[in-house]
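Work through the following exercises with the sequence and the model in view, and try each task before reading its solution.

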Amino acid sequence: MGSGIMGGGVAEACAAAGAHVTVRARTKASAEALVAQIEHSLAKQVEKGKRTTDDAAALRQRITVSTSLADLADCELVIETVVEDLEVKMELFRALDAVVSPKAIIATCTSTLPVIDLAMQVSRPERVCGVHFFNPVHTMMLVEVVRPICASDETIEAVIEFVLACGKEPIEVKDQAGFIVNALLFPYLNNAVRLLEHGVATKEGIDAAMKGGCGFPMGPFALLDLVGLDTSLAILDALYLEYADANYAPVPLLRRMVSAGLYGRKSGEGFYQYGP
Ligand SMILES: NC(=O)c1ccc[n+]([C@@H]2O[C@H](COP(=O)([O-])OP(=O)(O)OC[C@H]3O[C@@H](n4cnc5c(N)ncnc54)[C@H](O)[C@@H]3O)[C@@H](O)[C@H]2O)c1
């Protein structure tokens, strides 16, 4: 479910593991954009010698794109990757429950939202959990497997097995906002925006400092642009709602940039500008 940054990445990772994948996009245009995104990613992997042309073609064949929810009826595992908005996700879970087999597991890729609230929308709460892949999916090994209090051991075990089959590293975590990585990462990203807002250094300076001084592969502003500023703001809002800790309260500059439509790489401009 979902055809954004994570929808494409997760579909590709599942198909790479040999699974037949149906991606549900809302519109024909977003379905076409998703196919273009996956084909571009595969072409780059072939170019870098990470995949053969035949392997990439076979992987592509295993992915079907649809705009109809009914096409998910036969799925054994549904992974929801739509916008980080609890109301939108809850509505989708209700719709999915009516369509997919009662035996199917429904998992969410949410970064911070309470998985339990999604589980309570369906008739099989014991078959719901989180499966938090990281961006870009094909290079990031970690997947947080999030256990809401209603999940059965069978569900968590099946999802861990699936993550291992994708060649990723599952880590089980409690259903608490931000899980492990974002609970630790987002105060840092938020405080980087605060430093910029206070004029302590330029964004280029802060990015270079965190790369050179901490050995990070990219600085906080490059990372915020990669994640998406809209998604980052939604993550911080959810973290603040859960913990009421000032470190999670989004810095005003971030909210203003989202209001201005500066979402990062996906919109062509965030803290930095990106070509077409
Ligand atoms: N971006 C990241 O780095 C990252 C990493 C891990 C997890 N996530 C999580 O994955 C999920 C998707 O994030 P993304 O980065 O792919 O976002 P995105 O903005 O790239 O894509 C969002 C998708 O949601 C769809 N959508 C928007 N409004 C909708 C609605 N009302 N009904 C149905 N679909 C709707 C869009 O069409 C799009 O397909 C979020 O829960 C996010 O927290 C994101």
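**Exercise 1: the ligand and its shell**

A polar side-chain atom of Ser 111 lies 2.6 Å from an oxygen atom of the ligand, a polar contact being a pair of N or O atoms within 3.5 Å. The model is a predicted one, in which local features need pLDDT of at least 70 and side-chain atom pairs count only at pLDDT 80 or more, while totals for chains, interfaces and linings use all residues. Residues are numbered from 1 along each chain as its sequence is written, and side-chain values use heavy atoms, with hydrogens and water left out.

Task: describe how the protein surrounds the ligand, beginning with how much of the ligand's 840 Å² the protein buries.

Solution. Step one is the area: the ligand taken alone exposes 840 Å², of which the protein buries 84% (accessible areas come from the Shrake-Rupley method with a 1.4 Å probe). Step two is to find further polar partners: a polar side-chain atom of Glu 84 is 2.5 Å from a ligand oxygen atom, and a polar backbone atom of Ser 3 is 2.9 Å from an oxygen atom of the ligand. Step three is the shell, where 21 residues surround the ligand (a residue is near if one of its heavy atoms lies within 4 Å). At least three residues of this shell come from each of domain 1 (5-174) and domain 2 (182-267), with bounds taken from an automatic or database domain assignment.

**Exercise 2: two sides of a helix**

Task: decide which residues of helix H11 (residues 252-259) are buried, and which exposed residues sit on the face turned away from them.

Solution. Helices are DSSP runs (H or I, at least four residues) numbered from the N terminus, and buried means under 20% relative accessible area, exposed over 50%, and partly exposed in between (1.4 Å probe, protein chains only). By this rule the buried residues of H11 are Leu 254, Met 257 and Val 258. Seen down the helix axis they fall within an arc of 100°, so they line one face of H11; the arc is that of the directions from the axis to the C-beta atoms. The face turned away carries the exposed residues Arg 256 and Ser 259.

**Exercise 3: positive phi in two loops**

Task: is Phe 179 buried or exposed, and is Ala 244 buried or exposed?

Solution. Phe 179, which is not a glycine, has a positive phi of about 50°, and its relative accessibility of 8% makes it buried. Ala 244, also not a glycine, has a positive phi of about 45°, and with a relative accessible area of 58% Ala 244 is exposed.

Definitions and conventions. Polar contact = N/O pair within 3.5 Å; in protein donor to acceptor, adjacent residues only side chain to side chain.
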